[in-house]
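Hi everyone, thanks for coming. Let me put the chain up on the screen, and then I'll walk you through it.

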Amino acid sequence: MRNMVLVAVILLLAATGINSEYSFGDIISFERSCPCMSTLTYKHFAIYVGNKEIDGKESGKDIYQRTGPVFAINPLQLSDCIFSKLEDERQPSIFGAKNVEKKDNYLDGFEMFTAGPEDKIIERIQETKGNCNTYNPISNNCEHLATYIRYGVRVSLQLNTSGENLCKNNPLICPILTDIKAALQNEAQCHKCVQSSKFEG
């Protein structure tokens, strides 16, 4: 009987498009290697919207991101803010050998970065949809969009990737971001040490 209930729950989740890994407004990062040069790495970012009804979102599309090309826009743009399917971002053959996905609300808990309520996140999505301005990998990229949608502040750190020291942010918040970056790197180092000690033990 228990197995039948479990199967029913799994089928219900699949049918309703709910992803148990993420909640509405979560940032998802995909750490990738460039298909043309595997030593070059970057992180792509998206916002999880699940099956939430939002103007302009088609059924089955569960993330909001800056991506491209966008053929429906005239004239054709290399990148814009659109709804997409998470499953499409999980195709490693498209994005090189590496495509590591995780929930990445990395600014949660830091001063001046508070995740917006659902209505504010929807408002920011509607503000930016199809209106992302010209893409720039340094100053107007997918991470700038994802952090703006969640926190209301545009930030791109590209931590632990080839672009880590290239991204531009608002000069007024750069001192805070320097401290945040150091804290996140220390946390990552501690995590590595813990994992290493477990392995050795």
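Of the 201 residues in the protein chain, 39% are buried, where buried means under 20% relative accessible area, exposed means over 50%, and partly exposed is in between (1.4 Å probe, protein chains only). Please keep in mind that this is a predicted model, in which local features need pLDDT of at least 70 and side-chain atom pairs count only at pLDDT 80 or more, while totals for chains, interfaces and linings use all residues. Residues are numbered from 1 along each chain as its sequence is written, and side-chain values use heavy atoms, with hydrogens and water left out.

On the outside, the protein chain exposes about 12,100 Å², and carbon and sulfur atoms supply 55% of that area. Those areas come from the Shrake-Rupley method with a 1.4 Å probe, and for residues only the protein chains shown count as cover.

Now the layout. We have 4 helices and 5 strands, taken as DSSP runs numbered from the N terminus (helices are H or I, at least four residues; strands are E, at least two). Reading from the N terminus, the order is α-β-β-β-β-β-α-α-α. If we take contacts between residues at least 6 apart in sequence, 58% of them join residues at least 24 apart; contact here means heavy atoms within 4.5 Å.

Let's go inside. Which residues touch the most other members of the largest nonpolar core? They are Tyr64, Phe113, Ile125, Ile149 and Val155, in a core of 29 residues. By nonpolar core I mean a set of buried Ala, Val, Leu, Ile, Met, Phe, Trp, Tyr and Cys residues joined through side-chain atoms within 4.5 Å. At least two residues of this core come from each of β2 (37-48), β4 (80-84), α2 (118-128), α3 (142-151) and α4 (174-200). The largest share, 6 residues, belongs to α3.

Take Ile125 as an example: leaving out residues up to four places away in sequence, Ile125 touches Val49, Ile54, Tyr64, Phe83 and Ile149. There is also a second, separate core of 7 residues, with Tyr22, Ile28, Ile63 and Leu86 among them.

Back to α3, then. Here 10 of the 10 residues are buried, so α3 is largely enclosed by the rest of the structure. The cover over those buried residues includes β1 (27-34), β2, β3 (63-67), β4 and α2.

How do α2 and α3 meet? Their axes come within 7 Å and cross at roughly 140°. The axes are lines fitted to C-alpha atoms, for helices over the stretch in contact, and angles run from 0 to 180 degrees between N-to-C directions. The two helices are therefore oblique to each other; angles under 35 degrees count as roughly parallel, over 145 as roughly antiparallel, 65 to 115 as roughly perpendicular and the rest as oblique. On the α2 side the contact is made by Ile121, Arg124, Ile125, Glu127 and Thr128, and on the α3 side by Leu145, Tyr148, Ile149, Arg150 and Tyr151. Those residues divide into 6 nonpolar, 1 polar and 3 charged.

Ile121 in helix α2 deserves a moment. At 3% relative accessibility, Ile121 counts as buried. Ile121 and Gly25 are 96 residues apart in sequence, yet 6.8 Å apart in space, C-alpha to C-alpha. Outside four places in sequence, the contacts of Ile121 are Phe24, Gly25, Gly116 and Ile149.

Gly25 comes up again with Ala115, which sits in the loop between β5 (99-103) and α2. This pair is 90 residues apart in sequence and 8.1 Å apart in space, C-alpha to C-alpha. Ala115 is partly exposed, at 33% relative accessibility. Apart from neighbours within four places in sequence, Ala115 contacts Asp108, Arg150 and Tyr151.

Over in strand β1 we find Phe30. Is Phe30 buried or exposed? Buried, at 0% relative accessibility. Beyond four places in sequence, the residues in contact with Phe30 include Tyr42, Lys43, His44, Leu86 and Val100.

Last stop: the loop between α3 and α4, home to Gln158 and Asn160. Neither is a glycine, but Gln158 has a positive phi of about 45° and Asn160 has a positive phi of about 60°. Gln158 is buried, with a relative accessible area of 7%, whereas Asn160 counts as partly exposed at 48% relative accessibility.

Technical notes. Ala, Val, Leu, Ile, Met, Phe, Trp, Tyr, Cys and Pro count as nonpolar, Asp, Glu, Lys and Arg as charged, and the others, Gly among them, as polar.
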